[in-house]
Every structure is written in C-alpha cells, then in structure tokens.
Amino acid sequence: MVEYLIIPVIKLIVIFSVFLLIAAYTTYMERKVLGHMQLRYGPMRVGFHGLLQPIADGIKNLFKEDLIPENADKTVFVLAPAISIAVAIILLSVIPFGPPIKILGREINLYLANPSIGILFILGFSTLGSYGNILGGWSSGNKYGYMGGLRGSAMIISYEISMAFAVISIIMITGSFSIVDMVNAQAGVWNIFKQPIAFLVFLISGIAELNRTPFDMPEAESELCCGYNVEYSSMKFALFFLAEYIHMIVFASLVATLFLGGWHGPAFVPGVVWFFLKMFAVIFLCIWVRATFPRLRYDKVMKLEWKFLLPVALLNILVTGLVMALL
Amino acid sequence: MEQALILICSIIAIGTAVMVIFSRNTVHSAMWMVGNCFIIAVLFLLLKFQFIAILQVIVYAGAIMMFIIYAIMMLNLRVSDDSAEPLKNLLNGRYLLVALLLIGLFIIGVGFGPMALKGSMTDPAMVKFGEVELLANYIFSEGLLPFELVSILLTASIVGAVYLAKKN
C-alpha cells in the first residue's frame, strides 16, 4: 500500500509542483539573462528585481479574455494546448534527478518511474508533444498559424532523426535503454568525454526541436508574427508557453543525465544539487545561444540537418561500433 | 482484469479505426489514426511487449503520422464536399453503433477461444534474457534473410520514388 500508492502520489505531487515552479521561473531567468546580455535590466517592477514577475504573468493570463476565432476548428483548437502540456508533463516522470535517499528508514528513488525503455519513452513522447503545436497552427484558421504548424512538422521530422542517432551511440556504450542505468554507467567518466560528437549533435538538434532561436521556424516573429500560437489567448496561450518551457527543462535534464553525468559530481554537495546545477547550466546555454545567434533561413536549417548533422551522427555510430568491436 | 482491459482497448482501437474512415476532415482522420496507433501500443503493453509498444509510438504515432499530417497540410487538403453521397445516409451514427457492437461481440468470441503463445517470445524467456535481446537475436540470426530482403525492398522503393519525382 505504502510502496505502491502513497509514495508515488507524494512523488507525483512534488515533481509536478516543483517543475511547474521551475518552468515559471525559467521564463523569469530567460528574460533577466537576455536583458543583461543586451545591456538592460529585464523585469524590475514586480517584487525585488522583478522576482514576482512570473506570478504576475500567471494571474494576468488567467483573467484575459479567452477567444476562439470564428473560422477555427473548435474541437482541435481546444485540444491542441491540452496535448502540448499533457505530453510535456508526462516526460518529467522518467527523469532521475538524484541518487536514492533515505527518509524515515525507507529508501526513496528520486524518479517516478524507471521503465526499461526510459530513453525511448522520452523520444517517442516528445514527438507526440509537437502535435499540439502543429494542430494548434492548423486549427486556428489563420495563414500564419498554418505556416507555423507546417514548419513545425517539417522541423520535427528532420531533427528527430539526428537526435535519435545521437542517443543511439549513448545506448551502445551503456548497453541499456534505462536512463538510471545510463547515469550509473557515468560514475567514472562522463559521456561527454566519450562521445563529444554525439553531444554536439544532440545539443544542436535538441535546440532545434525546442523551436528556439536560431531555429525558431514555427514561431518566427518577423516572418509569421508568432506562428502557430498567433490566435491563442489567455490560459490556452499560457499552456503552450508553459509546455515549451517544460520541454526545455526536460531537454536540459536529458543533456545533464545522458552526457554530463546526471547526479554524479564531487561529494561535498548532494547529488540532487549537482543535477539541478547542470540542468540550469544547460538552460543558461540555451538562453545564451538565443541571445547570440540570428535566426537561420528556412532552407539553411533543413540543409544543416540533412547534409551535415545526419551524416555526422551516422558516422559517429559507425565509429562507436568499430571502436567497441576492436577494444 | 487483463482480459477485460484488452477487450476495452480492442474495441477502442476498432472504433478509432472506423473514425479514420468516416471523418469528413482529412486532418481529423489523421488524428484518429494517431489515436489508433496509440491504442495499439497500449495493446502491445498489455501483452507485456514494452519495447514493441514504444516502437509503435515512435515509428507510427510519431514519425509516420507526422509525415502524413505534413503531407496533408502541404497539399492543403480540405473537407471533402461530396455530401450527396447515398452511402452516407446508410452509414450514419445508429448503424455504426450496431456494427461496433457486432465487432465487439466478435472480439469477445475470439478472445475467449483457446489461445497459446507460440515461438521464442514467451514470458519466462523475456524475463530471463530481456525483450530487446530476444528480438535482436531473432532478427540477426533466424530472421536475417527476410530482414535483409525487407530492407532491400525499402531501398528499392525509395530509389523508385526519387526517380518518379525527378521526372517532372
């Protein structure tokens, strides 16, 4: 009873609330970091240095008028943000964010589930999440939204491949699909030193799949005036926004667990702290990239994937296999 | 319990498959198809095939349906307007419901018939060796010839598709 019901429910509530809070404050971090990189302050008005800004944003979004356009496909229009956020939150369940800890004499694992197919679970469901964006763009009955959705599906089709191939090389050297096994295998040397090329491919295609600058094709403001979510308002828009940030958090935790050793690190601070430090470092990197690079042209984005990342990832798998066979 | 779940999932699977055909909007059809792929993954999961279930989600619900939705949006297919079709009246909600009920009864009949799992993918073997290992061993030893033939067939079809597209 305690094993199978109470502990998972407590974990569920803790993971849900903590990560939603982190997602809300990632928006604050993004605005603040971007601001300082562009020599301005970012949000300053609400609370000390704008610390209460995400809460103010949330309240504002709740009280906005919820519009559904006249020529929208109503069912799909309402369903799209729900798909987006639900899939994003499901992804959080398989991420291990710390070594097992002891509470009241019980050993508690710091993840909700450790399926033997963990990494495939994340790859599969992260693709499903982008149906939210695509259907949202399609259903709003707006040409900009439509173009955004179309570009979104093209991006997912292309960059999912190189991302999966980068993960395959990690699966090869770990010999398991379970994310916890992958972290345990990195107790000595982190995977970033064993697989630097896979790391770079994973990072680039991950940022592309998150639809962030320089790859933000589906929501290019200057071309599509915000793309797939242009007709959304109020909480529906907020859900899209939140899903995007949760996807970024999941991506950052994946980079941390697959390549940066997960919760491993010098023992003077607990593993959970190491995990969150690495996660925020990767999130900071994403924001840094956004502040640094201009948006790529659409055909160049496609060329980068099919003519560069994909061959490199394939070669990396071949070389990994050869080295593993020879050693 | 498990039998009942399998039954419910099968009925949902058939229902979604029927909806793929009877939706008047192409994107709605594609969405029902995604649902169908997903529920079939659940069926695999109920049969304890975790790996095949997640492959079903990645390959069919993820990749292939994404391609189909991309194609639908690229070609800008709209609602078909052949409303004067006589078949439509014949196949409206009531008849569909009756048909679903009959199909459900059929599944119950098949479901309670004697069944046995044949081949190497049995429960004890999966626990002992792991599902992925069993599959890989089969594909790369006994099933090598058909596996390679299928890959050659796929390559040939890709080359053919490129040739057909290049002609224009």
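1. Start with a small helix contact: in helix 1 of chain A, A:A24, A:Y25, A:T27 and A:Y28 meet A:Q53, A:P54 and A:G58 of helix 2 of chain A. Contact here means that the C-beta atoms, placed from the backbone, lie within 7 Å. Helices are DSSP runs (H or I, at least four residues), numbered from the N terminus. Sorted by class, this contact has 4 nonpolar, 3 polar and no charged residues. The classes: Ala, Val, Leu, Ile, Met, Phe, Trp, Tyr, Cys and Pro are nonpolar, Asp, Glu, Lys and Arg are charged, and the others, Gly among them, are polar.

2. Before going on, note that this is a predicted model, with local features needing pLDDT of at least 70, side-chain atom pairs counting only at pLDDT 80 or more, and totals for chains, interfaces and linings using all residues. Residues are numbered from 1 along each chain as its sequence is written, and chains are lettered from A and ligands numbered from 1 in the order in which they are written.

3. On confidence, chain A averages a pLDDT (the predictor's confidence in each residue, from 0 to 100) of 84, and 99% of its residues score at least 70. The low point in chain A is helix 9 (residues 221-224), with a mean of 70, while helix 8 (residues 196-209) is highest at 89. Where pLDDT is low, the predicted coordinates should not be read in detail.

4. Back to the first pair: how do the axes of helix 1 and helix 2 of chain A cross? Helix 1 (residues 2-37) and helix 2 (residues 53-63) of chain A cross at roughly 110°, and their axes come within 8 Å. The axes are lines fitted to C-alpha atoms over the stretch in contact, with angles from 0 to 180 degrees between N-to-C directions. The two helices of chain A are therefore roughly perpendicular (65 to 115 degrees; under 35 is roughly parallel, over 145 roughly antiparallel, the rest oblique).

5. Helix 5 (residues 143-174) and helix 12 (residues 298-326) of chain A pack at about 15°, axes 9 Å apart, so they count as roughly parallel. Among the residues that meet are A:F165 and A:M172 in helix 5 of chain A, and A:W306 and A:L310 in helix 12 of chain A. This contact has 15 nonpolar, 6 polar and 1 charged residues.

6. Finally, the chain contact: 18 residues come from chain A and 15 from chain B. On the chain B side, helix 2 (26-46) and helix 3 (50-75) each give two or more residues. Helix 3 of chain B has the largest share, 13 residues. By class, that side has 13 nonpolar, 2 polar and no charged residues.

Key: Contact = placed C-beta atoms within 7 Å.
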